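Biologist: Could you take a close look at one helix of this model, beginning with a single position on it? Please then follow the connections outward, as far as the computed values allow.

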Amino acid sequence: MAKKFICSQTGPIVQTKAGKLRGLKLDSTYIFQGIKYADAKRFQMPQPVKPWEGVKDALSYGYVCPLMTQEVPNGETLVPHRYWLMDENCQYLNIWTQTLDKDAKKPVMVWLHGGGFYAGSSIEQVSYDGENMSKYGDVVVVSLNHRLNVLGYMNLEDYGEKYKNSANAGNADMVAALKWVHENIAAFGGDPENVTIFGQSGGGMKVWTLMQTPEADGLFQKGIIQSGVMDEFMDTPKTDGRPIVEAMLKELGFEAGDVEKLETVPYPALAAAYQKVGPKLAEAGEYVGGVPMANDFYVGDPREVGFTEHAKTIPVMIGTVFGEFAFGPGIESKYELPEKDVLEMLHDKYGEAADTLVPLYRKAYPDKALTDLLFLDALFRNPTIDFVQKKAVHTQAPTYSYMFAFEFPYDNGKIAWHCSEIPFVFKNTDKVPVCNVPGVSDKLEDQMFGAWIAFARYGNPNVPSLPQWPASTADDEAVMILDRTCEVRHNYDHELIHALIQANPQMPGDSSEDEVMLH
């Protein structure tokens, strides 16, 4: 059925702090794309956009940050992607809203994309589209691009004041975007005092790094972290950027210390030089950037340095999915396999630890196929348990935990993988065919979507369609299992995950595919 489309010389037009913007309206949803929220010179801090006269169109997505390597279409059935024009002038955001009434004060949900701190974009996944979330949740949805990789996370501050905090330029972009939201979102019907930042994978990491960023205090009130905690991913014990910078200068044929040359070299050459010299320096334990660096801007991983006083006051919803990096093929006819064959597979992978893991797994997941233990995630789940415990100590704000354990109708039953919950969160399972199970997926989508919207609106994910979902405490992780049947279980997999970590299995799936699918 056709939707009603409106876009004319007279509207929809919104007045922002810097000037007027024209978007479009599709049925009930106003859509503004490619709004410039900041400008920045390479390696330098973002600055507010300059005001303009007249009306600017916000009808096309803005540039996304350039990637270090060519994207390779892969796994599109599991995570459908969109590819877009790249340019380091990438500080753009997009808005979906149901009203342009400046007094409407709708909850605002700001999506931070995945891909670590090196890849991805606000529109990369088909399921990132914000129309359904805004329409059915009656919220204002914002997604944004920011600098990544060598552009966003490279420490050059030893070369001059203008490079101060260059190691966190990408996060500084996000702070600039949140400031833009704070100053302008009322014109799009949003409440600047009710902003939730949420993200998956690298986007989840961005949520908690912004919680630890004093300059962002007061710019958002809640955080949702989806598969966003990993041990050692953010570990940067050394912070001296000179070895990597000098190595790149030498590789590019420039004089030692002539760092301003790095400001003008074409991005492909910059990326190639980094990739040529970076791995050896990383192997030697030197700083090579690529992730936020703890300093007076970003105070560090809260699990290591503690939560800031402000972070303690932020309600958090956090969780993982059952399989995470299990992108590879599953086990054919897993429900028909003789148990002795399955146990043989488990012993091949886990050795003697399988004897400990099997009963713990059956206790944690009594209704799941035993073969799924081959792909059960601990790399995200274990540090997430730690995060929940350390955040829940602070009772100023609640911490809610979840596990997405849905089995998909792919290859005779595929466990949930990294990113697979996102279509349910955005109410976009209609856009991702593999998510669809008649009579089942619609119900789970409504339950999950309702919980995310309720959390954004009230700081509490409880909705009538789900069992009562209590906040966790330091010694009681109350985990909402999101599956065909949703239920809350307490500390239900802690022994299993601890044993799985001790077994030290190889990461499931093919490593090259994992790198592509991570974002």
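**Helix α9 and its surroundings**

Modeller: V342 is buried, because its relative accessible area of 4% lies under the 20% cut-off. The structure discussed here is a predicted model, and the mean pLDDT of the chain is 95, with 97% of residues reaching 70 or more. V342 belongs to helix α9. When neighbours within four places in sequence are left aside, its contacts are L337, L370 and T371. As a reference for distance, the C-alpha atoms of V342 and G459 are separated by 43 Å, the two residues being 117 places apart along the chain.

D348 is also placed in α9, which spans residues 339–350. Here the environment is of the opposite kind: D348 counts as exposed because its relative accessibility of 63% is over the 50% cut-off. Helix α9 therefore has a buried residue in V342 and an exposed one in D348. From D348 to N171 the C-alpha separation is 43 Å, with their positions 177 residues apart in sequence.

The approach to α9 deserves attention. E324 is found in the loop between β12 (316–321) and α9. Its phi is near 45 degrees, a positive value in a residue other than glycine. At 0% relative accessibility, E324 counts as buried.

One of the contacts of V342 leads to a cavity. T371 touches V342 and also lines the largest cavity. A search of the whole structure finds two cavities of 30 Å³ or more, and the volume of the largest is about 90 Å³. Its lining includes A326, G328, P329, G330, I331 and K334, together with D372 and F375. G413, K414 and I415 also take part in the lining.

That last group directs attention to another backbone feature. N412 is found in the loop between β13 and α12 (422–425). Phi of N412 is near 60 degrees, again positive in a residue other than glycine.

On the helical side, α9 is one of the partners of α14. The buried residues of α14 pack against α9, α10 (354–364) and α11 (381–392). Helix α14 covers residues 494–503, and its buried residues are H494, L496, I497, A499, L500 and A503. N504 follows α14 with a positive phi near 55 degrees. Caution is required further along the chain: pLDDT stays under 50 over residues 507–519, for which the model has 41 contacts beyond four places in sequence.

Strand β13, which bounds the loop of N412, also enters the aromatic packing. Across the whole structure, a search finds 25 aromatic pairs. In one of them, Y400 and W469 meet edge-to-face, with 6.1 Å between centres and 80 degrees between planes. This pair joins distant parts of the chain, 69 residues apart: Y400 lies in β13 (residues 399–404), whereas W469 lies in the loop between α13 (441–458) and β14 (478–482). Y400 is buried at 5% relative accessibility, and W469 is buried with a relative accessible area of 1%. Elsewhere among the aromatic residues, ring pairs link F404, F406, F408, W417 and F424 into a cluster.

The helix that bounds the loop of W469 is α13, and Q447 lies in it. Q447 counts as buried at 5% relative accessibility. Residues up to four places away in sequence not being counted, Q447 touches V463, S465, L466 and C486.

Rings also meet charged groups in this model. The charged end of K36 sits over the ring of Y92, 5.1 Å from the ring centre. K427 lies over the face of Y136 at 5.5 Å from the centre of that ring.

Two further sites complete the account. S166 is found in the loop between α2 (149–152) and α3 (169–184), and with 1% relative accessibility it counts as buried. Its contacts beyond four places in sequence include F43, M45, G152 and Y153, as well as M154, N155, L156 and E157. The peptide bond from G11 to P12 is cis, with omega near 0 degrees, and P12 is placed in the loop between β1 (5–6) and β2 (13–15).

Methods. Residues numbered from 1 in each chain as written. Predicted model: local features only at pLDDT ≥ 70, side-chain atom pairs only at ≥ 80, totals over all residues. Heavy atoms only, no water. Phe/Tyr/Trp six-rings, centres within 6.5 Å; stacked < 30°, edge-to-face > 60°. Helix = DSSP H or I, 4+ residues; strand = E, 2+ residues; numbered from the N terminus. Buried < 20%, exposed > 50% of the residue type's maximum accessible area, 1.4 Å probe, protein only. Lys NZ or Arg CZ within 6 Å of the ring centre and 35° of its normal. pLDDT = per-residue confidence, 0-100. Contact = heavy atoms within 4.5 Å. 1 Å grid on protein atoms, 1.4 Å probe; cavity = no way out; pocket = protein on both sides within 12 Å on 5 of 7 lines; lining within 4 Å. Points joined across faces, edges and corners; volume = space filled by probe spheres on them.
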